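Here's a quick tour of the charges and rings in this model. Have the structure open while you read.

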Amino acid sequence: MIKHLQTKEQLLEGFQVLKELRPHLTGDTFLEIYETMHKEGYELYAYVEEDEIVAVTGIIMLTNFYDGRHIYVYDLVTKSTIRSKGYGEKLLTYIEGLGKERGCEKVTLSSGLPRVDAHRFYEKKMDYDKTSYVFRKELLL
């Protein structure tokens with residue numbers, strides 16, 4: 001079952017899985033950043049099996065010149081102890097359907113260079129195209 005996480009309790013339960021992808025976050029920093037992201041449109045969904053969150057995905061709807069109206073997937077992670085059981089596929093398929101319902105033209109995501117297994121999943125299993133590199137520069141404040 002896929003569930004939209006909204007209450008503080010649900011969000012913190014989902015964070016227990018999300019922190020495998022974002023280990024630099026604590027529960028407090030997650031909630032603080034989530035509040036800002038949520039105001040900007042971020043939503044967190046979970047795949048729940050037998051009352052346990054086994055995978056999560058965080059998304060936002062955006063519009064830009066190169067992807068049009070689209071869903072951007074910020075986060076997609078399955079608990080490390082139970083990967084390769086189809087949970088990520090089910091969540092991403094759900095997000096694709098949500099995008100269609102909301103009139104989106106695409107689903108877009110970025111994935112870190114070392115995440116070779118994730119890239120194989122996106123390209124081979126989910127039929128995503130690798131269309132660009134993401135570049136980043138730290139700004140000193």
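A salt bridge here means a side-chain nitrogen of Lys or Arg within 4 Å of a carboxyl oxygen of Asp or Glu. On that basis, searching the whole structure, which is a predicted model, turns up six salt bridges. The general idea is familiar: side chains of opposite charge can pair when their charged atoms come close. Here are some of the pairs.

| Salt bridge | Closest N to O |
|---|---|
| Glu20 and Arg83 | 3.6 Å |
| Lys79 and Glu52 | 2.4 Å |
| Arg120 and Asp117 | 2.3 Å |

Let's take Glu20 and Arg83, whose closest N and O atoms are 3.6 Å apart. This pair links distant parts of the chain, 63 residues apart: Glu20 sits in the loop between H1 and H2, and Arg83 in the loop between E4 and helix H3 (87-101). Glu20 is partly exposed, at 33% relative accessibility, and Arg83 also counts as partly exposed, at 42%.

Now for Lys79 and Glu52, which meet at 2.4 Å, N to O. Lys79 is in the loop between E4 and H3 while Glu52 is in strand E3 (residues 52-64), so this bridge ties together parts that are 27 residues apart in sequence. Glu52 has 35% relative accessibility, so it counts as partly exposed.

Arg120 and Asp117 are a more local affair: both lie in helix H4 (residues 116-125), three residues apart, which is about one turn of the helix. How accessible is Asp117, buried or exposed? Asp117 is exposed, because its relative accessible area is 56% and the cut-off for exposed is over 50%. Arg120 comes in at 46%, so it is only partly exposed.

Not every charge is in a bridge. Glu9, Glu13, Glu49, Glu50 and Asp51 form a negative surface patch. One of its members, Glu13, belongs to helix H1 (residues 8-18) and is partly exposed, with 37% relative accessible area.

On to the rings. How many aromatic pairs does a search of the whole structure find? It finds nine. Phe15 and Phe30 make a stacked one, with 4.9 Å from centre to centre and 25° between the planes. Phe15 is in helix H1 and Phe30 in helix H2 (residues 27-39), so the two rings tie together parts that are 15 residues apart in sequence. Where do these rings sit, buried or exposed? Phe15 is buried, at 3% relative accessibility, and Phe30 is buried too, at 4%.

The rings of Tyr42 and Tyr74 also pair, with their centres 6.0 Å apart; their planes are at 40°, so this pair is tilted. Tyr42 lies in the loop between H2 and strand E2 (43-49) and Tyr74 in strand E4 (residues 68-78), so the contact ties together parts that are 32 residues apart in sequence. Tyr42 is buried, with 2% relative accessible area, whereas Tyr74 is partly exposed, at 35%.

Both of these pairs belong to a bigger group: Phe15, Phe30, Tyr34, Tyr42, Tyr72 and Tyr74 form one aromatic cluster.

Note on methods: Residues are numbered from 1 along each chain as its sequence is written. This is a predicted model: local features need pLDDT of at least 70, side-chain atom pairs count only at pLDDT 80 or more; totals for chains, interfaces and linings use all residues. Side-chain values use heavy atoms; hydrogens and water are left out. Patches are made of residues with over 30% relative accessible area and no salt bridge: like charges are joined within 9 Å, nonpolar side chains (Val, Leu, Ile, Met, Phe, Trp, Tyr) within 5 Å. Accessible areas come from the Shrake-Rupley method with a 1.4 Å probe; for residues, only the protein chains shown count as cover. Lys and Arg count as positive and Asp and Glu as negative; His and the chain ends are not counted. The place of a charge is taken as NZ of Lys, CZ of Arg, CG of Asp or CD of Glu. Helices (H or I, at least four residues) and strands (E, at least two) are DSSP runs, numbered from the N terminus. Buried means under 20% relative accessible area, exposed over 50%, partly exposed in between (1.4 Å probe, protein chains only). Rings of Phe, Tyr and Trp (its six-membered ring) pair if their centres lie within 6.5 Å; planes under 30 degrees apart count as stacked, over 60 as edge-to-face and the rest as tilted.
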